[in-house]
Amino acid sequence: MPAPLPPPVSAPTDLRKTASLADVAALAGVSAGTVSRALSRPGMLSETTRTRVLAAADRLGYVANGAARALAMRRTFTVGAIVPRFGRSSFPTMVQALEATLAAEGYTLLLSAPERQRGHDPALLRALLERG
């Protein structure tokens, strides 16, 4: 049986440094690949290993790097929407329904609501496309 995890570590003095996948792996006593599998494909690991990795990630305050994940998977799981007007009363309901539907499938909604004169600005579409 693996040794229990050490007590929580204190917050780093340099607040810009965040815990990395390697940090989680070192604390959990597993490889970086095992950490990656625990976070993205947990069914591939034993419950004991998965629990140990998740506990280490929680202790370190690990947050997955979305940009790195998107590069590796070649998908951002983001849907962009340009909505020209907020004035309609049904707008909030429509956005909530869209966001809930996308979230159920693992997607994030990136919303842009430009002022009327910028509604047809190609830079808005370009900005959304640049995000993947």
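**Figure 1. Surroundings of A103 in helix 5.** In this predicted model, A103 counts as partly exposed, because its relative accessibility is 48%, a value that falls between the limits of under 20% for buried and over 50% for exposed. The residue has its place in helix 5, which runs over residues 91-104. A second residue to look for in this view is T78, which stands 25 residues from A103 along the chain, while the C-alpha atoms of the two are separated by 9.7 Å.

**Figure 2. The loop that holds F77.** F77 is found in the loop between helix 4 and strand 1, the strand being formed by residues 78-82. Its backbone angle phi is near 55°, which is a positive value in a residue other than glycine. Is F77 buried or exposed? Neither word fits, because its relative accessible area of 25% makes F77 partly exposed, given that buried means under 20% and exposed means over 50%.

**Figure 3. V53 and the residues that it touches.** V53 lies in helix 3, which spans residues 47-60. With a relative accessible area of 0%, V53 is buried, since that word is used for values under 20%. Which residues does V53 touch, when those up to four places away in sequence are not counted? They are V24, A28, V30, T34, V35 and A38. Of these, T34, V35 and A38 can be found by following helix 2, which covers residues 32-40. The view also takes in R37, which is 16 residues from V53 along the chain, with 9.8 Å between the C-alpha atoms of the pair.

**Figure 4. S20, ahead of helix 1.** S20 is found in the segment before helix 1, a helix made of residues 21-28. S20 counts as partly exposed because its relative accessibility is 29%, which lies between the 20% and 50% limits. Although S20 and V63 are 43 residues apart in sequence, their C-alpha atoms are 8.2 Å apart in space.

**Figure 5. The largest pocket and its lining.** The largest pocket has a volume of about 230 Å³. The residues that line this pocket are L21, S36, L39, S40, Y62, A64, N65, A68, R69, A72 and M73. Two elements, helix 2 (32-40) and helix 4 (66-73), each give two or more residues to the lining, and the largest share, 4 residues, comes from helix 4. Sorted by chemical type, the lining divides into 7 nonpolar, 3 polar and 1 charged. Rolling a probe the size of a water molecule over the atoms shows where empty space is left.

**Figure 6. The whole chain, and how far to trust each part.** The protein has 6 helices and 2 strands, which follow the pattern α-α-α-α-β-α-β-α when read along the sequence. Buried residues make up 20% of the 132 residues, and the accessible surface comes to about 9600 Å², of which 58% belongs to carbon and sulfur atoms. Among the contacts with a separation of 6 or more, 60% are between residues 24 or more positions apart. The average pLDDT is 79, and 77% of the residues score at least 70. Over residues 9-16, however, the pLDDT is below 50, and this stretch has 3 contacts in the model beyond near neighbours in sequence. Where pLDDT is low, the predicted coordinates should not be read in detail.

Key
Residues are numbered from 1 along each chain as its sequence is written. This is a predicted model: local features need pLDDT of at least 70, side-chain atom pairs count only at pLDDT 80 or more; totals for chains, interfaces and linings use all residues. Side-chain values use heavy atoms; hydrogens and water are left out. On a 1 Å grid over the protein atoms alone, a cavity is a set of points where a 1.4 Å probe fits but cannot get out, and a pocket is an open set with protein on both sides within 12 Å along at least five of seven lines; lining residues have an atom within 4 Å of a point. Grid points are joined across faces, edges and corners, and a volume is the space filled by probe spheres set on the points. Ala, Val, Leu, Ile, Met, Phe, Trp, Tyr, Cys and Pro count as nonpolar, Asp, Glu, Lys and Arg as charged, and the others, Gly among them, as polar. Buried means under 20% relative accessible area, exposed over 50%, partly exposed in between (1.4 Å probe, protein chains only). Contact means heavy atoms within 4.5 Å. Accessible areas come from the Shrake-Rupley method with a 1.4 Å probe; for residues, only the protein chains shown count as cover. pLDDT is the predictor's confidence in each residue, from 0 to 100.
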